[in-house]
Amino acid sequence: MIGVAVTGAGGQMGREVLEAVADREDMAAAFAVNRTSVPPIAGTTVEDEGDLPRLLEEHDPDVLVDFTVPDASTRYVEACADAGVAAVVGTTGFSDAQLELLVDAAREIPLLRAPNFSRAMTAFRDVIREAVAALDDYDIELSETHHNRKRDAPSGTANDILDDIEEIRGDFDRVHGREGDQPREGDEVGVHALRAGDIRGEHELLLAGNHEVLTLTHRAESRGVFAEGALDAADWLVGRPAGEYDFEDTV
């Protein structure tokens, strides 16, 4: 039985993770924390996030799963490093300085960080790499759509897709939206972030040239997709040596 600690339990993803843990026979919630007081979730009492170091020591979970915000996530991972607890991080929007702190923590514990825990997204990125390589002179535009509370733009997944394209195409300008007189330049990829309603997550890549258009789309219908993927990653991560891991390592 794998003991899972959950941060940001009062958030949408934290709730999804706790509910997914409760449904699994191979896992149990060791404890959950949140920055504000919330009632129990899926049978687990939610404690104050300021008590995280003590809770890690007392409950000795196998792994912590975090979907919060960069400042909090960084503190949580540092606490895990001090306690020797593996961490799965789905938080996005880290600054360079915060990423350095995560790198330091990964010297002490196994740390798996990913902007997207959808297995279909992993396949989607594989297809994108193939298409971009095959259509090497086609124009590319990337758009992503998320709920109206998402803070970082473009999404972490969109940034990973852009990195995939750059590995194949080489350096290009990332043009974030367009306004006024802006004819397309040769070495650029347009990037567009939309925020509306309660959209779980949609990414679309458009390739156009030679009088034809190819569009590739991935859409998440439920946040449960990401919770289940994060728990699959947690299961895979427990017992690994200290170091940095990605969701693609697990599939």
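**Two pockets and a hairpin**

Helix α6 gives the most to the lining of the second largest pocket, chipping in four residues. This pocket, found in a predicted model, has a volume of about 250 Å³. Its lining is made up of 15 residues, and those closest to the centre are G93, F94, R113, G156 and N159. Sorted by class, the lining of this second largest pocket splits into five nonpolar, six polar and four charged residues.

Next comes the largest pocket, with a volume of about 960 Å³. Here 35 residues do the lining, and M13, F67, T68, H147 and K150 sit nearest the centre. Three elements each give two or more residues to this lining: α1 (12-22), α3 (70-83) and α6 (156-169). Of these, α3 gives the most, with three residues. As for the classes in the lining of the largest pocket, 19 residues are polar, nine are nonpolar and seven are charged.

Away from the pockets, there is a pair of strands to look at. Strand β10 covers residues 202-209 and strand β11 covers residues 212-219, and the two pair up in the antiparallel sense over eight bridges. To pick out one spot along the pair, E204 stands opposite T217 in β11. The hairpin that β10 and β11 form has two residues between the strands, and N210 takes a positive phi there, near 55°.

How values were computed:
Residues numbered from 1 in each chain as written. Predicted model: local features only at pLDDT ≥ 70, side-chain atom pairs only at ≥ 80, totals over all residues. Heavy atoms only, no water. 1 Å grid on protein atoms, 1.4 Å probe; cavity = no way out; pocket = protein on both sides within 12 Å on 5 of 7 lines; lining within 4 Å. Points joined across faces, edges and corners; volume = space filled by probe spheres on them. Nonpolar A, V, L, I, M, F, W, Y, C, P; charged D, E, K, R; others polar. Pairing = 2+ DSSP bridges.
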